[in-house]
Amino acid sequence: MSRYTVALAGNPNTGKSTLFNTLTGLRQHTGNWAGKTVMMAEGEFSYDKTTFRMIDLPGTYSLYSNSTDEEVARDYIIFEKPDVTIVVLDATSLERNLNLALQVLEMTNRAVVCINLIDEAKRLGVRIDLQKIEQRLGVPTVAISARNRIGIDKLLKQVKLVASGQINPHPIHIQYSDEIERKLAELEPSIRENLGSQYPTRWIALRLLDGDESLLSSLKKRMNEVTPDSVREVASYGRTACH
Amino acid sequence: MPTTSVPLSNAKSGTHIRLNRIEVQGVLRRRLLDLGFVPGNVVEVLQKSPLGDPIAFRVNNTTIALRKEESSLIFGDIIGGETS
């Protein structure tokens, strides 16, 4: 029986934890990640002969404002590399929620967008063109109501397809201004040289351009831990940087 | 830059403003962008507190109060509601 890791990302109050509880029932405990004292709930569920370990990331509007919650969620997606990240969006305020969705889609292609509170949106007269959203975002997109257990099966089906690699999504590629694109093209080769392809190169380059100190320190910490190979890389990187 | 541009801190309650410039810097800039204070987006001035600061704004269907320190650095064009 295969086993996959699924992370839940989303704005606060989008029903992330409701979905988490719906899926895992009472089989949950809290985990402490990346050396930070922010607790994340962790649980397990089975679907179609497959076990999924699910992590409920802290609810955030962004992954870039560098609050502890956001750092924890960001580090989990980048360093723990879940097999699938479900981005939970509130159907009644999609515009604000899509900000986080786009940020996640720049970090990983293994994502499923889950539009929650779909029944609430219907009640308010909000019509959502799922097909169009899926087409624009380039990842499987499902509408659900976690509270009333609507669409859960459809969601799990997509999650499994992405986790097992049967679907390999190609998320929307955000094109920046010529100046930024030029700088990205300059940075990317040396990022690949130093980090290999274990992290999303373009995303790392964007964070560097943004002057994201918090990501840099997370990266450095990681590079000083792990395998002997990467330690060697750090050492040579340090030398070049000093002289 | 259009000359009609006003800082959010100067707009009257009820005004709708299309943002064109955010001059807040640093981490707070990122935070404001995340909340929907993005050039092109329309913000409604909801109400001022009794002493005029902070001011409540409606952005992306959410109410957010900003102090003058920030709202005076966010600029836009008045596109509806009462004129100031």
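These are my notebook entries on a predicted model with chains A and B.

**Entry 1: the domains of chain A**

I began with the domain assignment, which splits chain A into domain 1 (3–163) and domain 2 (178–242). Next I looked up where the two touch: nine residues of domain 1 of chain A are in contact with seven residues of domain 2 of chain A. On the domain 1 side, I found that helix 2 (68–80) and helix 3 (94–107) of chain A are the elements giving two or more residues. Helix 2 of chain A gives the most, with four residues. I then sorted that side of domain 1 by class and noted four nonpolar, two polar and three charged residues.

**Entry 2: where the chains touch**

How many residues of chain B are in contact with chain A? I noted nine residues of chain B, in contact with nine residues of chain A. Helix 1 (residues 26–35) of chain B supplies the largest share of the chain B side, five residues. By class, I wrote down two nonpolar, four polar and three charged residues for this side of chain B.

**Entry 3: a ruler on helix 6 of chain A**

I tried a little check here. Helix 6 (residues 152–163) of chain A has twelve residues, so at 1.5 Å a residue it should span 16 Å. Its end C-alpha atoms are 16 Å apart, which agrees. I also listed the buried residues of this helix: Leu155(A), Leu156(A), Gln158(A), Val159(A), Lys160(A), Val162(A) and Ala163(A). After helix 6 of chain A comes Gly165(A), and I noted its positive phi, near 85°.

**Entry 4: Asn10(B)**

I found Asn10(B) in the loop between strand 1 (6–7) and strand 2 (16–22) of chain B. Is Asn10(B) buried, exposed or partly exposed? I counted 15 other C-beta atoms within 10 Å; a buried residue needs 20 or more and an exposed one has 12 or fewer, so Asn10(B) is partly exposed. I also looked up Gly52(B), which is 42 residues from Asn10(B) along the chain, and their C-alpha atoms are separated by 10 Å.

**Entry 5: the nonpolar cores**

The largest nonpolar core has 49 residues, and I noted that Leu8(A), Val87(A), Val112(A) and Cys114(A) touch the most other members. I followed Leu8(A) further, leaving aside neighbours within four places in sequence: its contacts include Leu19(A), Phe20(A), Met54(A) and Ile55(A), and also the charged residues Lys16(A) and Asp56(A). Apart from the largest core lies another core, of 14 residues, among them Ile17(B), Leu32(B), Phe37(B) and Leu66(B).

Conventions: Residues numbered from 1 in each chain as written. Chains lettered and ligands numbered in written order. Predicted model: local features only at pLDDT ≥ 70, side-chain atom pairs only at ≥ 80, totals over all residues. Domains from an automatic or database assignment. Expected span 1.5 Å × (residues − 1). Core = buried A, V, L, I, M, F, W, Y, C linked by C-beta atoms within 7 Å.
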